[in-house]
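User: I've got a structure here and would like to go through a few spots with you. Can you take my questions one by one?

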Amino acid sequence: MRYSGWKVIKEALTGHRGWGPAWRDATPKADYDTIIIGGGGHGLATAYYLAKHFKQSRIAVLEKGWIGGGNVGRNTTIIRSNYLLDGNEPFYEFSLKLWEGLEQELNYNAMVSQRGILNLIHSDAQRDAFIRRGNAMMLNGADADLLTTAQIKERYPFLNTEDARFPIKGGLAQHRGGTVRHDAVAWGYARGADMHGVDIIQNCEVTGFRIEDGAVKGVETTRGYIGAKKVASCVAGSSSRVMEKAGMRLPIESHVLQAFVSEGLKPVLPGVITFGAGHFYCSQSDKGGLVFGGDIDGYNSYAQRGNLPVIEDVAEGGMAIFPMLGRARLLRMWGGVMDMSMDGSPIIDRTHIDGLYFNGGWCYGGFKATPASGFAYAHLLATDTPHETATAYRFDRFARGRMIDEKGMGNQPNLH
Amino acid sequence: MIIDHPLLGPRDASEFVYKGDAALIHRPDGMAEDALEAFIDYGYLRDNPAGEHRELWFHEQGDRSWLVVTRNTLTHEIASVELARDVARREGRNK
């Protein structure tokens, strides 16, 4: 069933009785060519591109709960490609280009809104760093725009530009950045994958791998054994737990990242703002709530909830740039489990076990990467070679000293 | 989260800095045959369990002691807190 304006009008006039389910609730077959573990944004995108662009068939996505119930349902929905390093920037720019065509590609309204992202500058050193970053972005085909304080004041008159402690000295804007409806990303990819024959199997937890002579044969699940030529893990947050069942240790720690939403307000914040001096980022949802977040809690956690000190820290960061935030009530907060890799960059690679593939370590940047992550992972699964934008995301980069250390924090995952 | 410091009593976790898995106490021998492998493992690979986890916390805003905290990563419940020095000695280190 394709969605269109005519379909909406027809259904409106006929009592909305013609809408079918967007995807089938498949039951597992005995075996598949490719099994993707994890029905989140990345897993479903991988299945979609693998079926659609790489013409593979007999694909299943196994999800232990319901699709889109993990980190893709627990984030702040921001998309951008304002990265610095060669290993990263082409990949995230590729992702932003896929976002731009996503709704047409999927025939699904994902509410892709290129409302722009603005990184505020508070010191001369930060300005130098952002000019360098902007140049790196433009060299890779992305857009970057250095704004003066006056230009920022015109667009965001409520920002606290007068405070001597955090004076706003300008900003780096990426006008093509913005936000996307996170649930719709999972649902759109699920529907697209289903239309290309992918079996989406929910309530099916992988409990073990069947590995013979160094090659994977299939997976044990709560719904029985399922054979597969290739098994692809894509379970950010639970990567260590799943790969441990295949006997692997990963360069990953799981940390919790909290996010917050205020009560609904009239439109005040046209784009996404990040506050570099205190680490705070904020956008306004289409329903009016201010959606914001800050640092991770910084210690290993699978709890999917946070602790009060970080709530206080984030609220302080928000108050420092726009004091009016103090008038809004905090409606709710949530925590997602982040796959913090040792250098702050992701891994998309084969493992030492034949037929077993890994995608994870997205830290807190996984949402914006969803389309490119899916495409690059599908490329790897179909061709056994990394996609041209993801050649740096290998396991061996730590051993070879080729870390992609965007924040310059070394192997300290809690600092990225 | 409250960490019950063995010398100072209960303290808020925000006084501390998290320093990672307690296995980091045991730095490999740099002169050993397999030093390269051992250091890749030590520097980058982690067990990252869901459940009981032994980890290092540094009391930066307090007496600057290093603690080994045994904490459940699913519930944030803390089972025990010891001085890292005592743990290191008990596990065979001489200082």
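User: Which residues of chain A does UniProt give to the feature "domain: FAD dependent oxidoreductase"?

Analyst: Bear in mind that this is a predicted model, where local features need pLDDT of at least 70, side-chain atom pairs count only at pLDDT 80 or more, and totals for chains, interfaces and linings use all residues. Residues are numbered from 1 along each chain as written, chains are lettered from A and ligands numbered from 1 in written order, and side-chain values use heavy atoms, leaving out hydrogens and water. The UniProt entry is unreviewed, and such annotations may be inferred rather than shown by experiment. It puts the domain at residues 33–379.

User: How far apart are the end C-alpha atoms of that stretch, residues 33–379 of chain A?

Analyst: Helices (H or I, at least four residues) and strands (E, at least two) are DSSP runs numbered from the N terminus. On that count the stretch is 28% helix and 31% strand. Its end C-alpha atoms are apart by 15 Å.

User: Is α7(A) largely enclosed or not, and how many of its residues are buried?

Analyst: α7(A) covers residues 182–195. Buried means under 20% relative accessible area, exposed over 50%, and partly exposed in between, with a 1.4 Å probe and protein chains only. The buried residues pack against α2, α3, α4, β8 and α10 of chain A, a contact being heavy atoms within 4.5 Å. The helix is largely enclosed by the rest of the structure, because the buried count is twelve of the 14.

User: How do α2(A) and α7(A) run relative to each other?

Analyst: Their axes (lines fitted to C-alpha atoms over the stretch in contact, with angles from 0 to 180 degrees between N-to-C directions) come within 8 Å and cross at roughly 30°. Angles under 35 degrees count as roughly parallel, over 145 as roughly antiparallel, 65 to 115 as roughly perpendicular and the rest as oblique. So α2(A) and α7(A) are roughly parallel.

User: Is H53(B) buried or exposed?

Analyst: H53(B) sits in strand β4 of chain B. Beyond four places in sequence, H53(B) touches residues including N300(A), Y18(B) and D21(B). Its relative accessibility is 3%, so H53(B) is buried.

User: What is the relative accessible area of P270(A)?

Analyst: P270(A) is in the loop between β12 and β13 of chain A. Leaving aside neighbours within four places in sequence, P270(A) contacts R115(A), R155(A) and Y156(A). P270(A) counts as partly exposed, at 40%.

Conventions:
Expected span 1.5 Å × (residues − 1).
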